Amino acid sequence: MKWQDYFTTCFKPDGPNPNPTNQVVPKQSSFRRISLSDLSSSTISEDLSISLAGSNLHVFTLHELKVITHNFSPCNFLGKGGFGPVHKGFVDDKLRPGLKAQPVAVKLLDLDGAQGHREWLTEVIFLGQLRHAHLVKLIGYCCEEEHRLIVYEYMPRGSLENQLFRRFTVSLPWTTRMKIAVGAAKGLAFLHETEKPVIYRDFKTSNILLDSDYTAKLSDFGLATDGPVGDETHVSTQVMGTQGYAAPEYLMTGRLTAASDVYSFGVVLLELLTGRKSVDKNRPYREQNLVEWARPMLKKPRKLSQVMDPRLEGQYSEIAAQKAAALAYQCLRRRPKLRPKMSEVIKVLEPLKDLVDIQIMGTFVFAVSTDSDSQNEVSKETEKPHKETKSIETALQKNLTRGLNSPMHHGFKRA
Ligand SMILES: Nc1ncnc2c1ncn2[C@@H]1O[C@H](COP(=O)(O)OP(=O)(O)OP(=O)(O)O)[C@@H](O)[C@H]1O
Ligand SMILES: [Mg+2]
């Protein structure tokens, strides 16, 4: 079967979208999430817009998307990944009645690239039906002849990859890094715990997009897949993903579980702690693979300072860093069953951005700072003092001066 056969409606002989003003997928009060397999088997000829009833997506024409991006002009260019280039545009209710005036990101399938209709379809099917504060919002799509486009809400701070690794940007402070980690963890937890669980399969810094206040949202569902059902323990798939992020057991066996995503989360957490890329060929050989290099130091508080990002300039709670590093270690366990669930990850991570180290009589305790500074509570948990102790003054200074006014991945996508 040719991939064009998946949706005959994309190839109407009478031309694209004869009635564009009617092209909003109607909203329904409740619907069952459909899978790619539902579509490719029984509903091949069914209109995508009918299948996605309830998702309130807009179906755009290619011409409309050309107009809103000024013909995909270079000055609207946001970046390019494996699917194709992404451009900024602007939509409002003149384009579709009821459409909120807002900037959007338009992703255009590169017709000479390695990805195609299947990745486009997977993205539209998953993201069209899943709504959550930590998933990027799908506004609509275009499917016209061989052209495939996806229209998302625009994320003003771009990808975490750009924020963390692009040279000449101000370094992200600790609180912002932890906020991003928690947001991304919530996105993954939602996918894993939804009624019909989803395995994301491509968790990495370039797929975590950031809102103006650094709220993290997952994008790129082109590799997402339905999780195992019933008594199944895993789904067997072709190995796809990104080198440096994919879990070792998945790479070796093709057996995919939610724990594979947890491993990838551990890699991203490590990137946030160290400011290093998961794979960096420009480093000495021993340090090129981040996980292999950092793993032995993650559980040793005295060695931790050797892996922490020097761009943080020590402006973080050491106890919080130790907890985050120990969590990364658990996520990166070689045996998938030993890795925590994403809901457990959130519980550990959530308090870390507000931790402040305070040294009292030579013993470290930490305070959890709440929105109101006057409500700070000193935790009962105490830590043994160690050589690199910090004074109360430094710890408090850190907290006061720290705020949210902050500042290439290696693909082996084998189809
Ligand atoms: N909704 C969006 N808002 C703002 N910028 C976006 C949006 N979606 C993508 N981008 C930008 O476009 C660029 C390309 O994104 P894309 O997801 O296509 O590729 P990638 O994630 O870099 O690579 P890969 O193909 O491996 O996923 C990224 O740098 C990202 O910053
Ligand atoms: Mg991406």
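**Figure 1. Tyr316 and its aromatic partner Trp174 in the predicted model.** Tyr316 is buried in this predicted model, because its relative accessible area of 9% falls under the 20% limit. Its neighbour Trp174 is likewise buried, with a relative accessible area of 0%. The ring centres of Trp174 and Tyr316 lie 5.6 Å apart and their planes meet at 35°, so the pair is classed as tilted. The two residues belong to distant parts of the chain, 142 residues apart, with Trp174 in helix H6 (residues 174-193) and Tyr316 in the loop between helix H10 (301-307) and helix H11 (318-331).

**Figure 2. Further aromatic contacts.** The structure holds 5 aromatic pairs. In one of them, the rings of Trp120 and Tyr141 have centres 5.7 Å apart and planes at 80°, so this pair is edge-to-face. Trp120 is part of helix H4 (residues 117-129) whereas Tyr141 is part of strand E5, so the contact ties together parts that are 21 residues apart in sequence. Trp120 and Tyr141 are both buried. Elsewhere, one aromatic cluster is formed by Tyr200, Phe203, Phe221 and Phe265.

**Figure 3. Charged side chains placed over aromatic rings.** The charged end of Lys88 sits over the ring of Tyr154, at a distance of 4.3 Å from the ring centre. In a second example, Arg276 lies over the face of Trp293, 3.8 Å from the centre of the ring.

**Figure 4. The open sheet and its strand order.** The sheet is open and is built from 6 strands in the order E1-E5-E6-E4-E3-E2, with mixed pairing. Its edges are formed by strand E1 (58-59) and strand E2 (77-80), each of which pairs on one side only. Strand E1 runs parallel to strand E5 (residues 138-144), to which it is joined over 2 bridges, and within this pairing His58 has Gly140 of E5 as its bridge partner.

**Figure 5. Strand E4 between its two neighbours.** Strand E4 (residues 102-108) is mostly covered, as 6 of its 7 residues are buried. On one side, E4 pairs with strand E3 (residues 85-91) in the antiparallel sense over 6 bridges, and Val106 of E4 is the bridge partner of His87. E4 is also joined to strand E6 (residues 147-153) by 5 bridges, again with the strands running antiparallel, and here Val106 has Val151 of E6 as its bridge partner.

**Figure 6. Protein donors of the magnesium ion.** The magnesium ion (ligand 2) has as its protein donors Asn207, through OD1, and Asp220, through OD, which lie 1.7 to 2.0 Å from the ion. These donors come from distant parts of the chain, 13 residues apart: Asn207 is in the loop between strand E7 (198-199) and strand E8 (208-210), and Asp220 is in the loop between strand E9 (216-218) and strand E10 (225-226). Asn207 counts as buried, with a relative accessibility of 2%.

**Figure 7. Two loop residues with positive phi.** Arg201 is not a glycine, yet has a positive phi of about 75°. The residue is found in the loop between E7 and E8, and at 11% relative accessibility Arg201 counts as buried. Tyr214, another residue other than glycine, has a positive phi near 70°. The position of Tyr214 is in the loop between E8 and E9, where it counts as buried at 2% relative accessibility.

**Figure 8. The largest cavity.** The volume of the largest cavity is about 80 Å³. The cavity is lined by 14 residues, of which Arg201, Asp202, Tyr245, Ala246 and Ser264 are the closest to its centre. Helix H8 (residues 258-274) gives the most to this lining, contributing 3 residues.

**Figure 9. The second largest pocket.** The second largest pocket has a volume of about 620 Å³. Its lining consists of 23 residues, and those nearest the centre are Thr233, Thr257, Ala258, Ala259 and Lys341. At least two residues of the lining are supplied by each of H6, E7, helix H7 (248-253), H8 and helix H12 (342-349), and the largest share, 3 residues, comes from H8.

How values were computed
Residues are numbered from 1 along each chain as its sequence is written. Chains are lettered from A and ligands numbered from 1 in the order in which they are written. Side-chain values use heavy atoms; hydrogens and water are left out. Two strands pair if DSSP finds at least two bridges between them. Helices (H or I, at least four residues) and strands (E, at least two) are DSSP runs, numbered from the N terminus. Rings of Phe, Tyr and Trp (its six-membered ring) pair if their centres lie within 6.5 Å; planes under 30 degrees apart count as stacked, over 60 as edge-to-face and the rest as tilted. Buried means under 20% relative accessible area, exposed over 50%, partly exposed in between (1.4 Å probe, protein chains only). A charge sits over a ring if NZ of Lys or CZ of Arg is within 6 Å of the ring centre and within 35 degrees of the ring normal. Donors are N, O and S atoms within 2.8 Å of the metal (3.2 Å for Na, K and Ca); water is not among the atoms, so sites may look incomplete. On a 1 Å grid over the protein atoms alone, a cavity is a set of points where a 1.4 Å probe fits but cannot get out, and a pocket is an open set with protein on both sides within 12 Å along at least five of seven lines; lining residues have an atom within 4 Å of a point. Grid points are joined across faces, edges and corners, and a volume is the space filled by probe spheres set on the points.
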